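Visitor: I should like a close look at a single part of this model. Please keep to that part and explain the terms as they arise.

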Amino acid sequence: MRKMVLPLLSVAALALAGCNSSSPSQQAGAGSPANAASASAAKIPSDVSGTISLRAGSVQPSSKATMVINLVDVSSTAAGAQPLASKSVVPVGSFPQSFQLSFDPTQVKTSDLYVVKVVLTDGDRHYSMPIQAPVLTKGNKNVVSIRLVSEQTPGEKLLSEFKAEQAQLGAMKVSHGTKLEKDASRGWQLFRQDGKVKFIRELVDYVDKRFTSTDYAYKDGKPWVIVQESRSGGRNGKLVSIDRAGWADNGTLILKEHQVGKDVQALDSDAAAKLQKQAEQILDIATHGKNK
């Protein structure tokens, strides 16, 4: 009997080992990297969509505006990577408006962060996204609502700085002057601060009944911002136009407006150069050639 026991135990052990083993197909089951990636991709949609609107008070873009919508990976490990999806909108049209971006979901890394970025540009004006629009991963959905805010143009920023400086005229030292010419009568106020000329306000009556009122602002002895109102029929006549010109520190013309009524167009470079010349001339006259 003792000889029979050992073979029976061996058979039982072999049978038990067979039960615990699995086939190659079973070993490459749901826990394998390939199937895990497939399962992850299956959870990622193949598009993102939403609406884009402008925050109240923002400047409406013109018909020349352009807009690009990108789906991008903003993780530090994805720096410089191309957008997962992109769409250009020309012409931009009115807001709010809807959008949809399609992409390959297998390209999405669930550990990364993806956002929709909207770049809206209208000439010198740019629009920003105060709040990010994350999608797809880390619990974010594939539908977003994006609100854009219009930023000041370089020219508008310059004009705001000019107005802030203009509001300080009352605290500056002021002197007056007049000059009678063949075709015009000039009068001006010169404003100094810390020994430097900051503003000259000039009124000019022309013999042909034209009238101009001009504020010249200076920085480091050079024309900085100029705003000139032109009237027909004298000092109390009809307002014809308002011209605005301003220069950056490097001399680039960045404020250039010619306004007639409510219509504001670009001031041409020749007209801006003429205003700049006038600013230099009145500075020379008002300071008796000292320019300070």
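Visitor: What does Phe199 count as, buried or exposed, and at what relative accessibility?

Guide: Phe199 counts as buried, at 1% relative accessibility; buried means under 20% relative accessible area, exposed over 50% and partly exposed in between, with a 1.4 Å probe and protein chains only. The model is predicted, so local features need pLDDT of at least 70 and side-chain atom pairs pLDDT 80 or more, whereas totals for chains, interfaces and linings use all residues. Residues are numbered from 1 along each chain as its sequence is written, and side-chain values use heavy atoms, without hydrogens or water.

Phe199 belongs to strand 11 (residues 196-206), and its ring partner Phe162 to helix 4 (residues 154-166), 37 residues apart. Helices (H or I, at least four residues) and strands (E, at least two) are DSSP runs, numbered from the N terminus. The ring centres of Phe162 and Phe199 are 5.4 Å apart and the planes stand at 35 degrees, so the pair is tilted; rings pair if their centres lie within 6.5 Å, with planes under 30 degrees apart counted as stacked, over 60 as edge-to-face and the rest as tilted. Phe162 is buried as well, at 2% relative accessible area.

Strand 11 lies in an open, antiparallel sheet of 8 strands, ordered 9-10-11-12-13-14-15-16, where strands pair if DSSP finds at least two bridges between them. Strand 9 and strand 16 have a single partner strand each, so one side of each lacks a neighbour in the sheet. Helix 4 packs on this sheet, touching strand 11 among others; contact means heavy atoms within 4.5 Å.

Methods
Rings of Phe, Tyr and Trp (its six-membered ring) pair if their centres lie within 6.5 Å; planes under 30 degrees apart count as stacked, over 60 as edge-to-face and the rest as tilted. Axes are lines fitted to C-alpha atoms, for helices over the stretch in contact, and angles run from 0 to 180 degrees between N-to-C directions.
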